[in-house]
Amino acid sequence: MSQLGQVVGILRKLNEEYQISTPKKLKLIDAYLVYVLLTGIIQFAYCLLVGTFPFNSFLSGFISTVGCFILAASLRIQLNKANQSTFNVTPERAFADFVFAHIILHLVVMNFIG
Amino acid sequence: MTTVNDNSSEYITNSSSSSSAGLKSLITVIILICVCISGFISRLFSIIRFESVIHEFDPWFNYRSTVYMTDNGFYNFLNWFDDLAWYPLGRIVGGTVFPGLMVTSGAIHWFFHMINIPIHIREICVFLAPIFSGLTALATYLLTKELWSKRAGLFAAAFIAIAPGYSSRSVAGSYDNEAIAIFALIFTYYLWIRSIKTGSIFWSSCTALSYFYMVSAWGGYVFIINLIPVHVGFLLLLGRYSLRLYVSYSIFYILGLILSMQIPFVGFQPVRTSEHMIAAGIFILLQAYTFFDYLYNKLRYVRNIETIFFNLSVIISIIVFAIVVLLTYTGYIAPWSGRFYSLWDTSYAAKHIPIIISVSEHQPTTWTSFFFDLHLLICLYPVGAWFCVKDLNDERVFILLYAVFASYFAGVMIRLMLTLTPCVCILAAIALSKTLDYYADAESSEMVSNFDDSVSICDETENDENNQDLDNNAENIDETDDDDQNFLTSNIKIIVVTCIAMMLLLFIVHCTWITATAYSSPSIVLVSYNSDGTRAIVDDYREAYYWLRQNTPEKARIMSWWDYGYQIAGMSNRTVLVDNNTWNNSHIALVGKAMASNETEAYKIMTMLDVDYILVIFGGVIGFSGDDINKFLWMVRIAEGEHPKDIKEKNYFNENKEYRVDKSGSPILFNCLMYKLCYYRFGELYTDSAQPSGFDRTRSVEIGHKNFDLEHVEEAYTSANWIVRIYRVKKLSNRFQAKDALEKSTSSLSEESFEKNHRKGVILNKPHVKKGTKKSIHRT
């Protein structure tokens, strides 16, 4: 029980530190990430309930959510000032790359969704 | 004194660095242009000797598909149902072919016609491979530049341009998938290394796009989608995790996944087969690892946090692995397909799928072919690998993993020497470059050596700061080398450089000679040299295929062994039963059974399959060893796999368990269709004045069964040197054995002939006559 209390304490501390230390831009991206994650979970649950026909549409939609999640997470990582040393990229360039990858992703998703 | 020297060396560096950089880039461009031109020219031997014609077997199908695509458009090509092949089944070409090659040629053709250069599609197809070999050299230069330095890159480009291991599959006329696939492979690897080093979303997306091109080009894309996850896994194990790794692999995997499923032939395989599961597993593991890493950075103060996260990572990887195994067991995920499983268990194909093991390219590699294909490079290859191990960083882990896996695969199957060649070229270039960095530096004065050091340091800081430890190491080594340099005078260095130059010259001579003699034969035109050096061209194949094209009805169906299916469909434009795609083993086994049975049994199978003509290849007159009699045992084995009761391989050997066609051969062999078709009328021919008639020059024996007649087929055409023999299948006669019944009725009346007549019977469903009862017969 004390371990559970410990875990709850850690989570609360984590939440506090998160609220204080992350800038607004990153919090916005985090909210978008949560939204995309929920969309993906709903799609997967629907597929489990109803079945996988047509499979290409399910795959296309699910990979679209996973792709959006990954791209937004990568953007967040590149915009985070703490990671400036590992990445050699300006925030504007990071966003431009993000848009480029999204164009490719959505073109393919539109082609595959049938 | 040191300060003055430092200042002056800095001054020299600043003022001449711009002009030296300009000079270096000019030399680089000139060398790369020479490399591309030499790669192109060294592949043109067969064009110069014969003519611009498509070689071998598979390229004929690719050529026919490309012609169909340029005539009918891309969408009709994707939806093409080919009824000329695999009669009566047909083949869905759009869904069973990798379209990248045809699309590339079609795009070049469209572009040229758009700017009003009316170039024929055959020229584009023939010259596509040499042009792409130049692009491969450029891609290898870029990859090695990322791995080591520009100087090593130039060596690597020069090596891959002429290495026989690569040029064997990309001579002019060899219009096959490997022509563009190797370029796509190296270019994808270059983009992957670039995206790991920068961690940029743009480079990762470009890697995914290049991977898509590779998936459209060749079935060997499985190599990429397994090597890159293994690389990521090794980096995690070595503790070289970084956020750049996360960004680059996640984006590459997810974009590559959905892009690869756009090719109809690949379909849903990336989520359904074991070959792609490693990539998915590493993807999930990487997400979990990054999440834990993020939490770890936030929760540093909690005690034992490292062990908790380490255990969680291990637990998650075990769970993922267990889920994959469970899914494979229950059948949701298909197990490793036969082609790839036989790389792991090399005896699998021999026992279960004889058609895989019968292909000559799938045989294990002999050690001599390593030297034959790679000469000097295979000796420098371990040296380069060792240099990479000594100065390890993220991208050198990749090239080492590539080296290990490619070496194993090249040892298993001779066809996979092709994937080993770029790796060997890169590592040999690294070894040579590092050696020459030391020995070609002939002037050992301090000022010039400082200048060289600063230039080389400038070179390596063009890559990003993560090579800082490497630069520090380089500076440290160079400082200690200054003392070592005093031991070796410039004379010794010049001697070493001269020896290396001589070895490289020998390498060039070897590569050119090998490409000219061993790998430039078009297989469709054979040549032999007389004792006075003049050429005798054997053009039997084309002669026979064009006879078929001009003298047979359009809907005629040709039965031959599957090797020649693509050529017949391409050059004669006739329907074939089986071709090189070999997707239906039972159909091939039926054809094999027909070839291996006696004439009556074979006739039944041929009427069932509506065969009009049979084509066999026979090399006994000129000594050609790639003919059907030499391939015959494979036909028997494949037929035995499907019809074990009717065909048994041991029946075709003689008493000494040998496969012989002379007098000691087995009678079943003498009566089978293949033997009869190959040796019909051969018994009357004198091939060698010193030998008896019917002397087979390929097997060097006199054949055992001569002067026989054919019952159900008749000879239609035999080419000039008897290489291609075409037979027409006779239709069912009007009255079954009417000739025999007439002959027998004029024979003397005796008990035995009575019984014989009644037993033969020309009436079907005739009521059975009890023995001994006389029947009165009118005799004329």
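**Exercise 1. Which residue forms a salt bridge with B:Asp437, and how does that pair fit into the contact of two domains?**

*Step 1.* Start with the pair itself: B:Asp437 forms a salt bridge with B:Arg151, and their closest N and O atoms are 2.9 Å apart. A salt bridge here is a side-chain nitrogen of Lys or Arg within 4 Å of a carboxyl oxygen of Asp or Glu.

A quick word on the ground rules. This is a predicted model, where local features need pLDDT of at least 70 and side-chain atom pairs count only at pLDDT 80 or more, while totals for chains, interfaces and linings use all residues. Residues are numbered from 1 along each chain as its sequence is written, chains are lettered from A and ligands numbered from 1 in the order in which they are written, and side-chain values use heavy atoms, with hydrogens and water left out.

*Step 2.* Now find the domains, whose bounds come from an automatic or database domain assignment. In chain B, domain 1 covers 23-82 + 94-175, and domain 3 covers 366-448 + 492-509.

*Step 3.* Look at the interface. The rule finds 1 salt bridge between domain 1 and domain 3 of chain B. In contact (heavy atoms within 4.5 Å) are 19 residues of domain 1 of chain B and 25 residues of domain 3 of chain B.

*Step 4.* Check the area. These two domains of chain B bury about 2000 Å² between them, with 77% of it on carbon and sulfur atoms. Buried area is the accessible area (1.4 Å probe) that two parts lose on being put together, summed over both. On the domain 1 side, B:Leu147, B:Trp148 and B:Phe159 supply 39% of the area buried against domain 3 of chain B, more than any other three residues.

**Exercise 2. How many residues does each chain bring to the contact of chain B and chain A?**

*Step 1.* Count them: 33 residues come from chain B and 39 residues from chain A.

*Step 2.* Add the area. About 3100 Å² is buried between chain B and chain A, and carbon and sulfur atoms give 74% of that. B:Ile201, B:Ile258 and B:Lys298 supply 19% of what chain B buries against chain A, more than any other three residues.

*Step 3.* Hunt for salt bridges: the rule finds 0 across this interface of chain B and chain A.

*Step 4.* See which pieces take part. Helix 10 (201-217), helix 12 (243-260), helix 13 (269-272) and helix 14 (277-298) of chain B each supply at least two residues of the side that touches chain A. Helices (H or I, at least four residues) and strands (E, at least two) are DSSP runs, numbered from the N terminus. Helix 12 of chain B gives the most to that side, with 11 residues.

**Exercise 3. Is A:Thr22 buried or exposed?**

*Step 1.* Place A:Thr22: the residue lies in the loop between helix 1 (2-21) and helix 2 (24-50) of chain A.

*Step 2.* Read the accessibility. A:Thr22 counts as buried because its relative accessible area is 9%. The cut-offs are under 20% for buried, over 50% for exposed, and partly exposed in between (1.4 Å probe, protein chains only).

*Step 3.* Compare with A:Ser21, found in helix 1 of chain A. A:Ser21 is partly exposed, with a relative accessible area of 40%.

*Step 4.* Look around A:Thr22. Leaving aside neighbours within four places in sequence, A:Thr22 is in contact with A:Lys27 and A:Arg76.
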